[in-house]
Amino acid sequence: MSKTSPRLFEPLKIKSIEFKNRIGVSPMCMYSSKDGFANNWHLVHLGTRATGGAGLVISEATAVSPEARITPDDLGIWKDEHIEKLKEITAFLEDQGSVPGIQLAHAGRKASTSNPWTGGKYLTEEEGGWEPVAPSAIPFFEENPAPLELDSTGIQKVISDFREASKRAFLTGFKVLEIHAAHGYLLHEFLSPLSNQREDSYGGSFENRSRLLLEVTRAVKEVWPNHLPLFVRISATDWAAGGWNEEESVKLAKLLKLEGVDLIDCSSGGLVPNVSIPVTKKYQVPFSEKIKSEAGVLSAAVGLITTPQEAEEVLEKEQADLILLGRELLRNPYFPLEAAAALEADIKWPNQYLRAKPRN
Ligand SMILES: Cc1cc2nc3c(=O)[nH]c(=O)nc-3n(C[C@H](O)[C@H](O)[C@H](O)COP(=O)(O)O)c2cc1C
């Protein structure tokens, strides 16, 4: 039976921003920058996904300081000079009717590696790397050198770097800001007892381990306008005994909501290597469902959602408010246009492509 209004193409309003549909481009590192600068790769890559009809396009993990990069090739927003090219990109995304979003990130102990297609290995200073920082001096891979344990000055610098980067993100024209607190990067490292063995007020209890993320969120809120959406990406579980888990994620989501966070983007894993993750279709959807229902906050589902019908079902079952797609949108940037046809939603195509629009 034909459906007139699929959920996937219902607009979503958060604060002053209306997303034309529920499809977002999940943040994906491109490892294609020099000194943190965006270039035409980013314009074309993100721009194509906007042309393809995604309601939200989130930039890759964007480093808040040089040492916050995963690789020397990461995108950054730690200096004002980064703004100009990014501004060109946000303007283009808006022209296509997509909301431009940015993910702000600090790689923590997973910093200073080569990019995946050159091996993804730890880089020494002679190889162009730097000393990674972390809550505790425990490396991600046993064979890597231990990261530097952040002292209170270092922690204050992280908070201030997120604040300054958020100011620039606003000046650049981004309309959604996502704090990256997932995948074993710095903020997640503070959350998990497996990587955080501090004995000060940032380690130990749930409250202490959550402190840095909450302080970063407050610092971002000082400069990120109240009328614009703020998201936080978390790893809902470490998939490891003794690690961060779903119950703590719900508790954290409630606290983040109180701080003014609008949506929790529910991913998982990445904190420790060699864990067994049951990677199957929609395997992370139970996390977005749990956080949405138990913390009473908007949530995004991500992970192996690859068909319009799967995305639609997640929304129909109220398991999430927004669907983020990663690899499917790398394979097919026109997924949203095609999904609309498959679900029989009549959406606006770019004028330039109108002659290719399927007619019913
Ligand atoms: C090339 C690539 C780069 C990624 N970079 C990031 C990133 O910068 N930040 C992030 O939070 N997740 C990153 N991810 C994870 C994706 O955002 C997404 O959560 C994951 O790929 C699962 O969704 P999918 O099955 O739709 O691809 C990356 C994934 C890929 C494939």
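1. Between which two strands is the loop where H106 is found? In this predicted model, H106 sits in the loop that runs between β5 (99-105) and β6 (133-134), and the points below start from the protein as a whole before coming back to this residue.

2. As for the overall fold, the secondary structure of the protein comes to 10 helices and 12 strands. The radius of gyration is 20 Å, close to the 21 Å that the globule rule gives for 360 residues, so the protein is as compact as a globular protein of that length. Taken along the principal axes, the box filled by the C-alpha atoms is roughly 65 × 40 × 40 Å.

3. On packing, 59% of the 360 residues count as buried, and among contacts between residues at least 6 apart in sequence, 72% join residues at least 24 apart.

4. Turning to the surface and the charges, the accessible surface comes to about 14800 Å², with 52% of it belonging to carbon and sulfur atoms. The protein has 40 positive and 49 negative charges, and the mean positions of these two groups are 6 Å apart.

5. To return to the residue of the opening question, H106 has a relative accessible area of 2%, and it counts as buried because this value is under the 20% cut-off. Its side chain reaches the backbone nitrogen of G108 at 2.9 Å. Leaving aside residues up to four places away in sequence, H106 touches V64, S65, E67 and A68, together with V133, V158, F162, Y185 and L186.

Conventions: Residues are numbered from 1 along each chain as its sequence is written. This is a predicted model: local features need pLDDT of at least 70, side-chain atom pairs count only at pLDDT 80 or more; totals for chains, interfaces and linings use all residues. Side-chain values use heavy atoms; hydrogens and water are left out. Helices (H or I, at least four residues) and strands (E, at least two) are DSSP runs, numbered from the N terminus. The radius of gyration is taken over C-alpha atoms; the globule rule is 2.2 Å times the number of residues to the power 0.38. Buried means under 20% relative accessible area, exposed over 50%, partly exposed in between (1.4 Å probe, protein chains only). Contact means heavy atoms within 4.5 Å. Accessible areas come from the Shrake-Rupley method with a 1.4 Å probe; for residues, only the protein chains shown count as cover. Lys and Arg count as positive and Asp and Glu as negative; His and the chain ends are not counted. The place of a charge is taken as NZ of Lys, CZ of Arg, CG of Asp or CD of Glu. A polar contact is a pair of N or O atoms within 3.5 Å; within protein, one must be able to donate a hydrogen and the other to accept it, and residues adjacent in sequence count only if both atoms are side-chain atoms.
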